[in-house]
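Thank you all for coming. I would like to take a few minutes to walk through a structure that some of you have not met before, and I will go slowly.

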Amino acid sequence: MDLLKDLTEPQREAITYIDGPLLVVAGAGSGKTRVITRRIGYLAQQGVNPYNILALTFTNKAANEMKERVEQFCPFKGMWVSTFHSMCARILRVDAEKIGYSNTFSIYDKQDQTSALKIVMAELEIDSTSLKPAKAGGIIGNAKNNMVSAEEFAEKAASYTDRDVARVYSLYEKTLKKNNALDFDDLLLKVVELFQNNPDVLEKYQDKFKYILIDEYQDTNRTQYAIAKLLTKNCKNICATGDPDQSIYSWRGADLRNILDFEKDFKDAKLVRLEQNYRSTKMILRAASEIIKNNSMRKEKELWTENDAGSKIKVVLASDDKQEAAVIVENTDRLTRDADIKYADVAVFYRTNAQSRVIESALRDANIPYTIVGSVEFYRRKEVKDILAYLKLCVNPNDDIALSRIINVPTRGIGKVTLERLSNLARENNCGIFQILSDLTNGEGDKGVLKGKSKAAVKGFVEIFAQLKNELSNPVNKIVDKAIELTNYKQFLIETEEIKSDDKIRNIEELISAAREYDMTEPEGSLGGFLENVALVADLDNWDDEVNAVTLMTLHAAKGLEFSVVFLVGLEEGLLPIQQSRDNEFRLEEERRLCYVGITRAKKELILTRAVSRYIHGQSKSCHESRFLEEIPSDVIEFEDKTGGQSFQELHYERDEYADYPEFDDDNEFGLNAGDYVRHPRFGPGRVMKLSGYGDMAQAVVKFNMGGTKSMMIKYAKLEKV
DNA sequence: ACCGGCCTGTTTTTT
DNA sequence: ACAGGCCGGT
């Protein structure tokens, strides 16, 4: 196959420039995936050994897809295609002991991390109501993402909270080490540590990875940057692809500096821009660029397309979240009646997972097939995590967090008090709790800690692992099966869960299937390998895009995907942009990028919805229109009011206070005065009744001729003086 | 040790 | 709305 066929000049450049650092700034829908896969093929064609290629992606799903596509061009024996996290886990399995770990280390997810932090904070006698373990975890994670060690954090800690966090951080690190466990951030951080302290190890990987590709570079954090920098120290063949306008993970430590300073960081870097969009209609693209234009922290960029103009963007105003869901059902029905649009071509994006519930039940009632990406993640479910904890503890007996989770699940009469006693004993002996348990059952070290009943219980518990260890050479699905059998977990579910037991049993059986699949794809695999896979999968990785169903997902999960029909729901102040970002310019701009990402997923039809009121935490709240909606030019919009005009009666709190009593006493830096006659792009002519607030937050209350009064942010309202 | 009822808060987003 | 924590009774 001719790899350079059907390409634009910039695309060809991005594929063939293979010596020296290259940054590909690829706008949404500009054929980036195509460029990356062909580039790998081209490298192989030019005689590069696949063994020397490393491709890093953002999700496992993206990695798998890339593998599949690359396979069509060249053999990829020895090529590494994975996420940063998987790569790091793999590297650490080889040289774990060089950083003081054993290669059976556990990987802690956020839940495990919080459990560990709870224990740590109890030990330090830090009140967990004023400083929540999860909050401390967030601060520590942030530090780790910026490569700030516990010592460095302690040095810089100024506030009262930070000093507490510093103590927690330090003991947490010790606890992790004792448990032979790493959290997500550690996977990256420990690789940096490994490389910095072991030049020979670093050299080994520098020799191996002669060509490095990093996708979604705008969402890498400083630790990932450090890894990239270390690996490319000698050969400079790094190719980063990304789009600053699609950076939506700064809350996870993603640092835009990485992509903005690429040319500074890598000397003589070449820059290629892909600005032609192949995905969307002109209408959709226009709306997207008009929105993103409002970001000030941005490099100017203009996407263009030769695609059709397409139909106008539909903006629907619903009276509440239920009606919003009905709008989705209605339009999905309408569009899929069209022969060339299937359910699978339709996606619904929302800002928060909680929004999916209402939409889900509407689709279910309408008999429209759907899949939800996210919500309650499979591997986070209690029953699944319990079984996994048995397996984890079997592989890594030092994992006290896994042990505490299951020592009394199913209930075997070992309660809080006994566990506390065992835990103290472990601390005194400087070993794991499991060690204590096996010593006690061997008759060693029994100082009357356990009475008859709990002694038998402990014996039974330890026995499970003795049996499980005998299975370790079997395929993983057999081991999982055995674990369920030995623990009598199904029986436990039947006894304790009257209604949900069927579901839960199905879930743990699903775990066996997942293991079976692992056995098939990884013939050389092990239980440890399976557990690692499980720890590092994202929800999205389990999404089956072959099924003909409408896809529901968060905007964050939508990155990198495309659909013919996209619904973007909940375009309201406080939801998109989310409340917590509204007083922070930086975070506000990230919300705008999030909106941009959502819109640019759409190929043909884009439907934006918002509700006048919706249930939040069980209470009905009235909502203002999102400023992002107001940023879309009215000539690309087809507006539909489903509320029957009710929206202009409902309106906002200002109405009752001011609408009938004009106060012409205020002005502002936008040159707008109370009493001015104005025109709004969508609501037509009206009169300013009241101005309030200052600067960017300044608001105007406008009474429209078509009826009703509305308050809006002046900065975004696009009010025209008439 | 375990169960049920009451009270609280809910970071939006996730490798 | 809903889960998770806490307390008091068994």
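I will talk about the two DNA strands first and about the cysteines afterwards. Please keep in mind throughout that what you see is a predicted model.

Let me begin with DNA strand B. There are 27 residues around this strand, and those that come nearest are K132, R351, G415, A538 and Q580. If we look at the strand's own side, sugar and phosphate make up 55% of the atoms of DNA strand B that come within 4 Å of the protein. Sorted by class, the residues of this surface are eight nonpolar, 13 polar and six charged. The largest share, three residues, is supplied by helix α19, which covers residues 416–429.

Some individual contacts with DNA strand B are worth finding on the screen. At N353, a backbone N or O atom is placed 2.8 Å from a phosphate oxygen of the strand, while at N408 a polar atom of the side chain is 2.7 Å from a phosphate oxygen of DNA strand B. W251 reaches a base instead, with an N or O atom of its side chain 3.2 Å from a base oxygen of DNA strand B.

Turning now to DNA strand C, the residues around this strand are K118, R357, H617 and G618. Of the atoms of DNA strand C that are within 4 Å of the protein, 55% are in sugar or phosphate, and the rest are in bases. The surface here has two polar and two charged residues, and no nonpolar ones. In K118, a side-chain N or O atom is 3.2 Å from a phosphate oxygen of DNA strand C, and in R357 a side-chain N or O atom is 2.3 Å from a phosphate oxygen of this strand.

That brings me to the cysteines. How many disulfides does the model have? The count comes to zero. For C394, the reason is distance: the closest cysteine sulfur, in C431, is 18 Å from the sulfur of C394, which is too far for a bond, because a pair would have to lie within 2.5 Å to count as a disulfide. C595 is likewise in no disulfide, and the nearest cysteine sulfur, that of C623, is 16 Å away.

Are C394 and C595 buried or exposed? C394 counts as buried, at 2% relative accessibility, and C595 is also buried, with a relative accessible area of 1%.

Technical notes:
Residues are numbered from 1 along each chain as its sequence is written. Chains are lettered from A and ligands numbered from 1 in the order in which they are written. This is a predicted model: local features need pLDDT of at least 70, side-chain atom pairs count only at pLDDT 80 or more; totals for chains, interfaces and linings use all residues. Side-chain values use heavy atoms; hydrogens and water are left out. Buried means under 20% relative accessible area, exposed over 50%, partly exposed in between (1.4 Å probe, protein chains only). A residue is near a molecule or strand if one of its heavy atoms lies within 4 Å of it. A polar contact is a pair of N or O atoms within 3.5 Å; within protein, one must be able to donate a hydrogen and the other to accept it, and residues adjacent in sequence count only if both atoms are side-chain atoms. Helices (H or I, at least four residues) and strands (E, at least two) are DSSP runs, numbered from the N terminus. Ala, Val, Leu, Ile, Met, Phe, Trp, Tyr, Cys and Pro count as nonpolar, Asp, Glu, Lys and Arg as charged, and the others, Gly among them, as polar.
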